[in-house]
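This report walks through selected parts of one protein model, beginning with a single residue and moving outward to its surroundings. Please keep the sequence and the structure in view while reading.

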Amino acid sequence: MGVDGITDVAGVRVGHASRVGDGWLTGTTVVLAPGGGAVASVDVRGGGPGTRETDALDPRNIVPRVEAVVLTGGSAYGLAAASGVMAWLEEQGRGFRVGPDPAQVVPVVPAAALFDLGRGGDFRARPDAAMGREAAAAAAASASGAPAAQGNVGAGTGAVCGAMKGGVGTASTVLPSGTTVAALAVVNAAGSGLDPTTGALYAELPGAAAGGLPDAEVHAAALRRLEAAREETARRFAASARPPLNTTLAVVATDAALGKAQAQKLAGSAHDGLARAVRPAHLLSDGDTVFALATGARPLLPPNAATPDPAFAVHQEAGALNEVFAAGADTLTRAMAKALRTAESIDGPGGIFPSYTDLYAPA
């Protein structure tokens with residue numbers, strides 16, 4: 001039995017580096033692929049993305065596999081964390097081979113950043129190369145299959161979702177074929193994750209009804225508390241002349257054997273899961289970005305299931321791919337719900353952001 005997280009994809013590891021206090025409220029998360037890397041692609045749908053090396057993931061381009069993906073706070077400044085991961089990978093001899101010597105590699109490290117500048121009080125307190133290196137080393141030091149920390153960690157340290165605290169969440173799904181599809185999300189959205197009518201998380205509707213919706217009085221009190229927090233946060237931002245900007249980042253991983261174009265389709269399909277969990281999504285003030293990683297450990301179709309008829313084989317493969325794509329969206333939605341449920345409230349210079357758990361604890 002797995003841990004219901006992205007590390008259920010064999011060989012995938014996660015490391016976090018976080019800074020809190022003395023003006024800091026930010027961090028970096030590294031998703032480390034198995035040795036030899038993973039096929040990777042990306043789909044960017046937010047109107048204000050901060051990214052690095054995403055062009056290398058285009059199926060038309062040469063880089064076949066990547067060793068790591070970086071998700072980081074610090075907006076565009078935080079992309080410097082990827083340089084630390086790149087340096088760490090070079091020391092391990094991991095990367096795109098460019099010479100006859102095995103040490104002659106160029107690690108291609110795709111990265112995406114979210115906006116959390118100033119949430120800890122110091123606008124200049126943001127991730128750098130050292131923090132990226134720390135997160136990469138933490139990922140490598142973790143045991144295979146070890147659960148990844150969730151909530152206010154890594155890139156989710158200063159993340160918020162509307163008026164609530166956001167964070168890191170991860171989930172996994174095992175298909176009937178045995179293929180694993182998993183996701184890690186950092187929820188930092190301009191939109192809301194909370195259904196204002198019921199108090200349920202959008203990511204848990206309609207299934208929330210089966211587990212019971214929050215009591216009406218509890219929900220009313222939560223809305224009042226959120227409104228007060230929103231007003232105070234707006235006052236603090238106005239005082240510092242800093243607008244609240246956002247971005248939800250995610251990595252969807254699978255052990256299925258996918259090509260780059262198929263991985264790109266997986267990333268795109270997973271955006272549907274993002275849009276189910278946050279409303280509205282993909283705004284101009286978001287930089288919503290989903291990466292996809294495929295380790296290739298499991299063929300899409302078992303050898304004994306493949307048909308010798310080429311025409312029908314296309315439909316067989318499409319059916320298997322559709323299952324992976326659908327699971328990517330569903331699993332990302334669950335990962336985002338877990339991010340909001342494991343997040344912890346913050347009250348600091350950048351604003352007051354109560355967590356969903358604190359708001360609805362009596363429910």
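## Ala185 and its surroundings

In this predicted model, Ala185 is in contact with Gly167, Val168, Gly169, Leu249, Ala250, Leu332, Ala335, Met336 and Ala339, once its neighbours within four places in sequence are left aside. Ala185 belongs to strand β12, and because its relative accessibility is 0%, under the 20% limit, it counts as buried. Gly46 lies 139 residues away from Ala185 along the chain, and the C-alpha atoms of these two residues are separated by 15 Å.

## The nonpolar cores

The largest nonpolar core holds 47 residues, of which Met164, Val187, Val290, Leu332 and Met336 touch the most other members. Two or more residues of this core come from each of β12 (180-186), α4 (216-240), β13 (249-256), α5 (260-277), β14 (289-298), α6 (310-342) and α7 (356-359), and α6 gives the most, with eleven residues. A second core, separate from this one, has 31 residues, including Ala38, Val66, Leu71 and Leu184. In soluble globular proteins, nonpolar side chains tend to be buried together.

Val187 deserves a separate description. Apart from its neighbours within four places in sequence, Val187 is in contact with Ala159, Val160, Cys161, Gly166, Gly167, Thr248, Val278, Met336, Ala339 and Leu340. Gly167, Met336 and Ala339 are thus among the contacts of Val187, and they are also among those of Ala185.

## The five-stranded sheet

Five strands form an open sheet in the order β1-β2-β5-β8-β4, and their pairing is mixed. The strands at the edges are β1 (13-21) and β4 (50-52), and because each has a single partner strand, one side of each is left without a neighbour in the sheet. From one strand to the next, the twist averages 10 degrees.

Two helices pack on this sheet. Helix α1 (residues 81-91) touches β2 (24-32), β4, β5 and β8, and its direction makes about 155 degrees with that of β5. Helix α2 (residues 129-141), in turn, touches β1 and β2, with a direction that makes about 140 degrees with that of β1.

## Strand β5 and its partners

How many of the residues of β5 are buried? The strand is mostly covered, with five of its five residues buried. Ala68, Val70 and Thr72 point one way from β5, whereas Val69 and Leu71 point the other way.

On the β2 side, β2 and β5 run antiparallel and are joined by five bridges, and Val30 has Val70 of β5 as its bridge partner. Strand β5 (residues 68-72) also pairs with strand β8 (residues 111-113), here in the parallel sense and over three bridges. Within this pairing, Leu71 has Ala112 of β8 as its bridge partner, while the partner of Thr72 in β8 is Ala113. Leu71 is also one of the residues of the second core.

## Aromatic rings

Where does the charged end of Arg126 sit? The charged end of Arg126 is placed over the ring of Tyr77, at 3.5 Å from the centre of that ring. As for rings that pair with one another, a search of the whole structure finds one aromatic pair.

Conventions
Residues numbered from 1 in each chain as written. Predicted model: local features only at pLDDT ≥ 70, side-chain atom pairs only at ≥ 80, totals over all residues. Heavy atoms only, no water. Phe/Tyr/Trp six-rings, centres within 6.5 Å; stacked < 30°, edge-to-face > 60°. Lys NZ or Arg CZ within 6 Å of the ring centre and 35° of its normal. Core = buried A, V, L, I, M, F, W, Y, C linked by side-chain atoms within 4.5 Å. Buried < 20%, exposed > 50% of the residue type's maximum accessible area, 1.4 Å probe, protein only. Helix = DSSP H or I, 4+ residues; strand = E, 2+ residues; numbered from the N terminus. Contact = heavy atoms within 4.5 Å. Pairing = 2+ DSSP bridges. Axes fitted to C-alpha atoms, helices over the stretch in contact; angles between N-to-C directions.
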